[in-house]
Amino acid sequence: QVQLVESGGGLVQAGGSLRLSCIASGRTFMTYVVGWFRQAPGNEREFVAAVKWSGGSTNYGDSMKGRFTISRDDAKNTVYPQMNSLKPEDTAVYYCAAARYRGGGYEPKTIADFGSWGQGTQVTVSS
């Protein structure tokens, strides 16, 4: 099992940017897909994006497509989502999650696909 810790959340004005991070311990990310979800008060947790660690292919959900990009640092075992052009409706707790890669173009997107979760980091966008 991999342990995940997110950081980088905070308060930002609409139109601004924020970079989060997710660092893994216990295991490396090498055989995993690292995903990001978010959950606003009263809403279900929704898929934002995922990156396959080996090879770096990415998959983005509709909620932040075009405004959310993922980079990774192999040496630090860390994933860095960059969020741009933030809107008040992006206010949510953002969660990092990891799923074991199953091969064959596997693209996990649901909560059930991911077995390891971080504690979440709050992002608040003011208007």
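I'll start with a cut-off: a residue counts as buried under 20% relative accessible area, as exposed over 50%, and as partly exposed in between. We need that for R72, which has 32% relative accessibility and is therefore partly exposed. Keep in mind that this is a predicted model.

The topic today is salt bridges. The structure holds five of them, and I'll go through three pair by pair.

R72 first. Its side chain meets that of D74 in a salt bridge, at 3.5 Å from N to O. The partner, D74, is also in the middle class: its relative accessibility is 48%, so it counts as partly exposed.

One thing to add on connections. R38, E46, R67 and D90 are joined into one network by salt bridges that share partners.

Within that group, let me take E46 and R38. Their side chains form a salt bridge with an N to O distance of 2.5 Å. Is R38 buried or exposed? R38 is buried, because its relative accessible area of 9% lies under 20%. E46 has a relative accessible area of 31%, so E46 falls in the partly exposed class. That pair therefore links a buried arginine to a partly exposed glutamate.

Last pair: D62 and K65. They form a salt bridge too, and the closest N and O atoms are 3.6 Å apart. Where do the two residues sit on the accessibility scale? D62 is at 71% relative accessibility and counts as exposed. K65 is at 51%, which is over 50%, so K65 counts as exposed as well.

That's what I have on these pairs.

Conventions
Residues numbered from 1 in each chain as written. Predicted model: local features only at pLDDT ≥ 70, side-chain atom pairs only at ≥ 80, totals over all residues. Heavy atoms only, no water. Salt bridge = Lys/Arg side-chain N within 4 Å of Asp/Glu carboxyl O. Buried < 20%, exposed > 50% of the residue type's maximum accessible area, 1.4 Å probe, protein only.
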